[in-house]
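Here is a short briefing to read with the model open beside you. It moves from helices to cores, then to the surface, the backbone and the charged pairs.

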Amino acid sequence: MQPILKFLSAKFAWILLAAFIAFIVAEGGVGVLIKDWRFAVELAVDGVLTGLMYSLIAVGFVLIYKSTDAINFAQGEFVMIAAIVVAGCLDWFGLPLWLSILVGFGFMVVFGMTLERFVLRPMIGMNIVAIIMATIGLAFFLRGAGPLIFGAAPSTINLPIPDSPIVWGLLYLTPIKLLGAAVSILFLAGFGWFFLKTRKGVAMRAVADSHQVSMAMGINVERYFAVAWVTAGVVALLGGLAWGNMIGVDTQLALVGLKVFPVVILGGLDSIIGVIVGGIVVGLVEALTAGFVDPYVGGGMKDFAPYVLMVIMLMIRPYGIFGRRLIERI
Amino acid sequence: MAEPNGHDSILSVRGVSKNFGGVRANNDVSIEVPRGKIFAIIGPNGAGKTSLLNMISGFYVPDAGEIAFEGKSINGLKPNEIAEHGIGRTFQNIALFRGMNVLQNMMLGRHVLMKTGVLSSFVYWGKTQREEVAHREKVEELIDFLRLNDLRKAPTGELAYGLQKRVELGRALAAEPELLLLDEPMAGMNQEEKEDMVRYVLDIAEQRGTTIVLIEHDMGVVMDISDRIAVLDQGEKIADGTPDEVRANPRVIEAYLGADH
């Protein structure tokens with residue numbers, strides 16, 4: 001009985017996935033037929049760019065997982081707190097933008113180090129569930145502490161980037177999304193190279209694999225942890241700038257972090273290339289659903305479509321498209 | 001005090017105790033490991049062998065007593081600091097890094113000897129690259145020594161058990177340790193794999209002058225290759241000496257070899 005059920009549920013998941021892909025393709029197809037195809041292409045391009053901006057947030061998450069084996073549920077809050085600090089510098093102290101970003105950078109470095117030293121280092125060797133709970137607690141703490149210190153009034157970060165779209169052939173491209181996507185690709189390529197080619201990157205992978213064995217190799221595990229959390233903080237600053245510019249700065253910004261989960265589940269928790277592909281898929285699904293399905297169902301489907309895909313993915317390949325097979329289910 | 005004079009000991013464990021909750025893992029254990037020799041720690045399961053090894057390599061901090069390496073106390077040092085002092089180790093279960101090949105695993109073994117900092121390692125050329133080449137040469141020597149030539153790029157997960165153990169030995173050797181701790185290097189091996197491993201252990205001690213402390217259950221192997229043997233039982237040391245002395249010791253026969261004799 002058990003194996004039959006297993007087989008059925010696996011098959012069911014495949015059917016679901018096929019249905020979902022058919023649905024997405026049909027979206028595009030119907031779009032092409034009933035609207036004009038330019039609209040479909042425009043949506044797709046916008047989706048890809050937005051998706052890459054999700055990748056920019058997800059990369060911090062993957063970085064932490066790859067190097068410390070911890071799952072950071074507070075990545076969205078990192079983005080929020082970085083944006084709040086920069087917006088605070090702009091609004092309250094009237095600092096110029098470059099200085100505000102510099103302050104934000106310094107803040108995130110200290111933030112990452114403090115976090116590692118006082119929250120995560122004491123948890124080295126503890127059960128992964130304990131660490132996950134700690135990051136969830138951290139997420140709520142930040143969501144409360146941010147507005148408490150910097151005020152809850154929504155703010156914005158105005159980057160010196162034009163709002164009007166760049167027209168390129170048939171496409172209308174939003175400059176901030178272009179920039180965000182470009183920065184995202186640049187950083188992802190950089191991290192990919194770091195983990196594959198540099199000695200420290202390889203050592204970091206070793207640390208993620210086994211703290212104990214790494215220590216026996218003379219690797220200072222704590223220092224690598226600090227480097228990982230600081231880097232995740234700094235990457236969150238980039239995400240905070242890009243997203244803060246687009247959707248404004250308040251606690252809602254932290255919700256962008258929730259998109260990290262479909263991205264990394266699709267791509268694989270520990271894969272840099274997976275972050276890119278996962279981000280693009282999530283962005284595409286969102287944009288096409290928003291364009292072709294939402295008008296008929298009264299809206300709102302774009303927000304949960306990526307999660308539907310995520311759940312199906314969990315049933316078929318819980319370790320993602322590019323992830324290592326050896327991943328504990330949690 | 002059981003230690004014969006005139007021996008230069010590289011590692012001294014003096015009156016070390018360790019408790020986990022109410023469980024006494026080690027009680028007042030003292031050993032002197034002579035330089036350049038093969039020193040075996042034996043005893044029934046749960047005798048406290050691995051916990052003693054873990055204290056030497058810094059994973060456990062002793063509750064009492066002192067551990068000195070090259071005459072200097074290493075009590076309270078972290079495992080990575082102890083590795084930097086020149087104590088290498090292998091683990092009881094295979095502990096190779098997954099998703100990496102043989103060469104990458106062995107290069108990681110040289111981590112303690114690599115001096116470039118985090119930032120300069122981002123720069124792949126110049127000094128870093130020259131250093132990389134030098135390290136690679138040393139690793140190639142080891143690959144020759146352990147006859148892993150055809151397996152440089154093989155993912156470690158796909159290797160046979162005995163080969164994985166050999167790669168792990170190579171990774172520990174890559175750090176060029178003065179003292180090598182081997183936790184059951186031959187456990188679970190077939191006869192041929194065991195013979196290979198025995199030969200490597202002997203060669204390491206003879207050719208490289210590395211001192212070896214090993215935990216091993218195969219009495220034949222232990223009696224054959226060890227210069228000295230310490231016997232633990234229920235956390236305490238009950239005997240210490242040459243294989244012949246240990247074999248003749250009535251307490252050892254009673255506690256450990258009992259049924260056979």
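The notes below start with conventions and then go topic by topic.

This is a predicted model, in which local features need pLDDT of at least 70, side-chain atom pairs count only at pLDDT 80 or more, and totals for chains, interfaces and linings use all residues. Residues are numbered from 1 along each chain as its sequence is written, chains are lettered from A and ligands numbered from 1 in the order in which they are written, and side-chain values use heavy atoms, with hydrogens and water left out.

**Helices**

- Helices (H or I, at least four residues) and strands (E, at least two) are DSSP runs, numbered from the N terminus.
- Helix 3 of chain A covers residues 75-92, and its 18 residues reach 25 Å from first C-alpha to last, close to the 26 Å expected at 1.5 Å a residue. The expected span is 1.5 Å times one less than the number of residues.
- Of those 18 residues in helix 3 of chain A, 16 are buried, so this helix is largely enclosed by the rest of the structure. Buried means under 20% relative accessible area, exposed over 50%, and partly exposed in between (1.4 Å probe, protein chains only).
- Helix 6 of chain B also has 18 residues and should span 26 Å at 1.5 Å a residue; its end C-alpha atoms are 25 Å apart, which agrees.
- Buried residues in helix 6 of chain B include Met197(B), Val198(B), Val201(B) and Ile204(B). The buried residues of this helix pack against several elements of chain B, among them strand 3 (38-42), helix 4 (127-145) and helix 7 (219-225).
- Ala145(A) sits in helix 5 (residues 128-150) of chain A and counts as buried at 14% relative accessibility. Its C-alpha atom is 9.0 Å from that of Ile81(A), although the two are 64 residues apart along the chain.

**Nonpolar cores**

- A nonpolar core is a set of buried Ala, Val, Leu, Ile, Met, Phe, Trp, Tyr and Cys residues joined through side-chain atoms within 4.5 Å.
- The largest core holds 99 residues, and the members that touch the most others are Phe78(A), Met108(A), Ile157(A), Ile219(A) and Leu108(B).
- Which residues does Leu108(B) contact, leaving aside its neighbours within four places in sequence? They are Val202(A), Ala203(A), Ala206(A), Met217(A), Ile219(A), Phe97(B) and Met100(B), where contact means heavy atoms within 4.5 Å.
- Apart from the largest core lies another of 45 residues, including Ile42(B), Leu103(B), Ile143(B) and Ala154(B).
- As background, nonpolar side chains in soluble globular proteins tend to be buried together.

**A nonpolar surface patch**

- Trp37(A), Val41(A) and Leu170(A) form a nonpolar patch on the surface, with about 280 Å² of accessible area together.
- Patches are made of residues with over 30% relative accessible area and no salt bridge; like charges are joined within 9 Å, and nonpolar side chains (Val, Leu, Ile, Met, Phe, Trp, Tyr) within 5 Å. Accessible areas come from the Shrake-Rupley method with a 1.4 Å probe, and for residues only the protein chains shown count as cover.
- Trp37(A) belongs to helix 2 (residues 37-68) of chain A and, at 47% relative accessibility, counts as partly exposed.

**Positive phi angles**

- Asp69(A) has a positive phi of about 70° although it is not a glycine. This residue is in the loop between helix 2 and helix 3 of chain A.
- Gly94(A), just after helix 3 of chain A, takes a positive phi of about 60°.
- Glu70(B), another residue other than glycine, has a positive phi near 55°. Glu70(B) lies in the loop between strand 4 (64-69) and strand 5 (72-73) of chain B, and is partly exposed at 34% relative accessible area.

**Salt bridges**

- A salt bridge is a side-chain nitrogen of Lys or Arg within 4 Å of a carboxyl oxygen of Asp or Glu, and the count comes to 25 over all chains.
- Asp196(B) forms a salt bridge with Arg166(B), with the closest N and O atoms 3.3 Å apart. Asp196(B) lies in helix 6 (residues 191-208) and Arg166(B) in helix 5 (residues 161-174) of chain B, so the pair ties together parts that are 30 residues apart in sequence.
- Asp240(B) and Arg228(B) meet in a salt bridge at 3.7 Å, N to O. The pair links strand 10 (residues 236-241) and strand 9 (residues 228-233) of chain B.
- Salt bridges that share partners join Glu116(A), Arg121(A), Glu222(A) and Lys78(B) into one network.
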